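Reader: I'm new to this one and would like to go through it slowly. Could you show me the model before I start asking things?

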Amino acid sequence: MAEDDLATLRAANRPAPDGAPIPATDRTADNDRPTPTTPTTAPRWLNGVVLAGLVLAALNLRPAITSLGALMEEVRAGLGMSGTVAGLLTSVPALCFAAFGIAAPRLARRRGPGTVVCAGMAAIAVGVAVRPFTGGTAGFVTASALALAGIAVSNVLLPVIIKNWFPDRVGPMTGIYSMALALGTSLAAATTVPLTSALGGWRPGLAVWAALAVAAVLPWALVLRRRATTPVPGAAHRTEDRPIRIAASPTAWSLAVFFGLQATAAYITMGWMPQIFRDAGVSAGTAGVLLAVTMALGVPLSFVLPRLATRMRHQGPLAAGLGLCGLAGYTGLWLAPASGAWLWALLMGVSNCAFPLALTMIGMRATSAAGVVKLSAFAQSVGYLISLPGPLLVGALYQHSGGWGIPIALMAGLMVPQIAVGVLAGRDRRIEDET
């Protein structure tokens, strides 16, 4: 949701971002600077192309992670990874999301959000296709980082494109975006193990997901060629009269910590939940399906939760309810991981829907577009930095304790502060009033 590039671009009268329809321009031959002209309307079919690009891009935001989680044991054996290194590998997504998420607004100012998203999909395709065949842990991590960089910039900029292409349908389009993201997550978790068996090994089983990213490049390439120019409603054009000191806002910090803790839980789940079930005696295929069930719950809930949250004055009760589901799920994983596996997977799936709730609250805690941009960039970047130690620590505890008791206790313990900051972040406040 980092769309500060839009206000800056308009203020500086620079070329239009290619990922959003804005007033038409005539370019001069010498310096490619635009001169405002009468706005035109993009053809209706182009909105459909953007919607297709949005859905395909969202489908690609998690398979690079969940496909690896389903095959972590095979990857560790094939590359000779220790448990600690595997834990580091599960921390790489958060590191890339924090680092490249900060850079996304600047990249979009220079190239346009559509160009950056298109490049992000290409980076995912290359990274996912190459990483299984690099021959060692360092190459695998490097190629994974390339794919995750593409995911990171798309994480930030896809909500910007929603806000500018569909300004009067932000809620439903955000729901579609969240549903597609959850669908891609669960699809990769459910089918990676069968694909691995069909294709003859874990390497092609991981690399096959590059095809989905290649498909996502195509509609964005078409959008970039068309470069539609239509006016955006007033909300997207507003700029701030005074600067917002985002780090001085208690609400911004509450949201950042909430985002970080829910991301910690999500990436631990995606990276380690199949292994927890496999160590409890569940087959690899069933463990992958259990993770898929956990992720699949996000498909309907990601559509319902944002709508429900926007109708509530205080979103704290929703944050508390999701956290309590997480506590119950972790307790079950500790006491009876195999016998109650399906119930624990369902509870963890509900708990993981803190992500769309966090995105919704980011949009509700600022009154202006520029405020939403700054809050989104701050909450996501700080949040992903907070989430970095979690998966690594779980991997280290698992290796050194020889079991899942201590790691699961850590996961459950983190739910308590997540509930507390979620209640604080859910209060009816605006960062502009606090800064």
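Reader: How many residues does the chain have, and what percentage of them count as buried?

Author: Bearing in mind that this is a predicted model, the chain has 435 residues, and 56% of them count as buried. Its secondary structure comprises 21 helices and 2 strands.

Reader: And of the contacts between residues at least 6 apart in sequence, what share join residues at least 24 apart?

Author: That share is 82%.

Reader: What about the largest nonpolar core, how many residues has it, and which have the most contacts inside it?

Author: The largest nonpolar core has 126 residues, and those with the most contacts inside it are Val75, Phe140, Tyr177, Trp220, Tyr330 and Tyr384. Helix H12, which spans residues 250-279, gives the most to this core, contributing 16 residues. Both domain 1 (45-229) and domain 2 (246-434) are represented, with at least three residues drawn from each. As a general tendency, nonpolar side chains in soluble globular proteins are buried together.

Reader: Let me pick Phe140 from that list; what does Phe140 touch?

Author: Leaving aside residues up to four places away in sequence, Phe140 touches Leu68, Val75, Leu79, Met81, Leu89, Trp202 and Leu206, and also Arg131, Pro132 and Thr134. Among these partners is Val75, which is itself listed with the most contacts inside the core.

Reader: Switching to rings, how many aromatic pairs are there in the whole structure, and which residues do ring pairs link into a cluster?

Author: A search of the whole structure finds 8 aromatic pairs, and ring pairs link Phe97, Phe259, Phe355 and Tyr384 into a cluster. One of those rings, that of Phe355, also has the charged end of Arg62 sitting over it, 5.6 Å from the ring centre.

Reader: How many disulfides does the structure hold?

Author: The structure holds 0 disulfides.

Reader: Then is Cys118 buried or exposed, and where is it found?

Author: Cys118 has a relative accessible area of 11%, so it counts as buried, and it is found in helix H6, residues 113-130. Not counting residues up to four places away in sequence, Cys118 touches Val217, Trp220, Ala221 and Leu224. The C-alpha atoms of Cys118 and Leu218 are separated by 8.4 Å, although these two residues are 100 apart along the chain. Cys96 also counts as buried, because its relative accessibility is 6%.

Reader: One last residue: where does Ile362 lie, and why does it count as buried?

Author: Ile362 lies in helix H17, residues 354-364, and it counts as buried because its relative accessible area is 0%. Ile362 and Ala425 are 63 residues apart in sequence, and C-alpha to C-alpha they are 9.0 Å apart in space.

Conventions. Residues are numbered from 1 along each chain as its sequence is written. This is a predicted model: local features need pLDDT of at least 70, side-chain atom pairs count only at pLDDT 80 or more; totals for chains, interfaces and linings use all residues. Side-chain values use heavy atoms; hydrogens and water are left out. A nonpolar core is a set of buried Ala, Val, Leu, Ile, Met, Phe, Trp, Tyr and Cys residues joined through side-chain atoms within 4.5 Å. Buried means under 20% relative accessible area, exposed over 50%, partly exposed in between (1.4 Å probe, protein chains only). Helices (H or I, at least four residues) and strands (E, at least two) are DSSP runs, numbered from the N terminus. Domain bounds come from an automatic or database domain assignment. Contact means heavy atoms within 4.5 Å. Rings of Phe, Tyr and Trp (its six-membered ring) pair if their centres lie within 6.5 Å; planes under 30 degrees apart count as stacked, over 60 as edge-to-face and the rest as tilted. A charge sits over a ring if NZ of Lys or CZ of Arg is within 6 Å of the ring centre and within 35 degrees of the ring normal. A disulfide is a pair of cysteine sulfur atoms within 2.5 Å.
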